[in-house]
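Student: I would like to go through the labels used for this model and ask what each one rests on.

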Amino acid sequence: MADHVDLVLEQWRARRPDLDASPMGIIGRMSRLGALFDAELRRNFARNDLDRASFDVLATLRRSNPEHSLTPAGLMHSSMVTSGAISQRLDRLEARGLVTRTPSETDRRGVQVTLTPEGLELIDKVLPTHVDTEARLLAGLSAAERDQLAALLRALLESLGDKRD
């Protein structure tokens, strides 16, 4: 079997045999997978009027502590959302009644972001379909292959400085 990336690599071998284009095989496949994964995940989020960043904020609050509450900085640190996106996401989520922002009891300048009951209900509804979508996307691999791939990707991320805090 061959995929589109194999064709690209064959073409480079024919046109530039002096060049080791093998890294393109990995990066190209990861890029193609990322695009395919993103499209499927976006469809699932859209059914619930969410996008990836909003889902990530709600999921981060849900998994962080029993109070489902963090500071905006804590949210940024614990989620996959950038600092510029946090404020916009919080504005939108608050307008939808999914989170509240309240002054911190310990820091006059700080705020706590907390899931509302509606936000908790939504994330608890969307999370199982999200996990099911991810499982479907990985169904072509055995459990052992998924474990091996996860370990390899972790090693690559760590080698690039992406460490657990």
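Tutor: The turns below set computed values against the cut-offs behind the labels, and the model is a predicted one.

Student: Why is Ser79 called buried?

Tutor: Buried means under 20% relative accessible area. Ser79 has 11%, so Ser79 is buried. Ser79 is in the loop between α4 (72-78) and α5 (83-95).

Student: What does Ser79 touch, leaving out residues up to four places away in sequence?

Tutor: Ser79 touches Asp56, Thr60, Arg63 and Ile86. Asp56 and Thr60 are themselves among the buried residues of α3.

Student: What makes the approach of the Ser79 side chain to the backbone oxygen of Leu75 a polar contact?

Tutor: The distance is 2.7 Å, and the cut-off for a pair of N or O atoms is 3.5 Å. The pair therefore falls within the limit.

Student: How do you know that the length of α1 agrees with that of a helix?

Tutor: Helix α1 covers residues 4-15, which is 12 residues. At 1.5 Å a residue the span should be 16 Å, and the end C-alpha atoms are 17 Å apart, so the two agree. At the start of α1, a side-chain oxygen of Asp3 comes to within 3.2 Å of the backbone nitrogen of Val5.

Student: What is the corresponding result for α3?

Tutor: Helix α3, residues 52-64, has 13 residues. From first C-alpha to last it reaches 18 Å, close to the 18 Å expected. Its buried residues include Phe55, Val57, Leu58 and Leu61.

Student: Why are α3 and α6 described as roughly perpendicular?

Tutor: Two packed helices are described by the angle between their axes and the distance between the axes. For α3 and α6 the angle is about 105° and the axes are 10 Å apart. Angles of 65 to 115 degrees count as roughly perpendicular. The angle lies in that range, and α3 and α6 are therefore roughly perpendicular to each other.

Student: Which residues meet where α3 and α6 pack?

Tutor: From α3 they are Phe55, Leu58, Ala59 and Arg62. From α6 they are Leu120, Leu122, Ile123, Asp124, Val126, Leu127 and His130. By class, this contact has eight nonpolar, one polar and two charged residues.

Student: Why is Asp124 called partly exposed?

Tutor: Partly exposed covers what lies between the 20% and 50% limits. Asp124 has a relative accessible area of 35%, so Asp124 takes that label. Asp124 belongs to helix α6 (residues 117-137).

Student: What joins the side chain of Asp124 to that of Arg62?

Tutor: A polar contact of 2.8 Å joins the two side chains, against a limit of 3.5 Å. Asp124 and Ala59 are 65 residues apart along the chain, and their C-alpha atoms are separated by 8.7 Å.

Student: Is Leu93 buried or exposed, and how do you know?

Tutor: Leu93 has 1% relative accessibility, so Leu93 counts as buried. The limit is under 20%. Leu93 lies in helix α5. Beyond four places in sequence, Leu93 is in contact with Ser54, Val57, Leu58, Leu98 and Val99.

Student: What makes the phi values of Asp49 and His68 worth listing?

Tutor: Asp49 has a positive phi of about 55° although it is not a glycine. His68, also not a glycine, has a positive phi near 55°. Asp49 is in the loop between α2 (22-46) and α3, and His68 is in the loop between α3 and β1 (69-70).

Student: Which of the labels buried and exposed does each of them get, and why?

Tutor: Asp49 has 57% relative accessible area, over the 50% limit, so Asp49 is exposed. His68 has 13%, under the 20% limit, so His68 is buried.

Student: Why does Asp20 count as exposed?

Tutor: Asp20 has 60% relative accessibility, over 50%, and so counts as exposed. Asp20 lies in the loop between α1 and α2. A polar contact of 2.7 Å joins the side chains of Asp20 and Ser22.

Student: Why is Leu141 called partly exposed?

Tutor: The relative accessible area of Leu141 is 29%, between the two limits, so Leu141 is partly exposed. Leu141 is in the loop between α6 and α7 (143-159). Leaving aside neighbours within four places in sequence, Leu141 is in contact with Arg146 and Leu149.

Note on methods: Residues numbered from 1 in each chain as written. Predicted model: local features only at pLDDT ≥ 70, side-chain atom pairs only at ≥ 80, totals over all residues. Heavy atoms only, no water. Helix = DSSP H or I, 4+ residues; strand = E, 2+ residues; numbered from the N terminus. Expected span 1.5 Å × (residues − 1). Buried < 20%, exposed > 50% of the residue type's maximum accessible area, 1.4 Å probe, protein only. Polar contact = N/O pair within 3.5 Å; in protein donor to acceptor, adjacent residues only side chain to side chain. Contact = heavy atoms within 4.5 Å. Axes fitted to C-alpha atoms, helices over the stretch in contact; angles between N-to-C directions. Parallel < 35°, antiparallel > 145°, perpendicular 65-115°, else oblique. Nonpolar A, V, L, I, M, F, W, Y, C, P; charged D, E, K, R; others polar.
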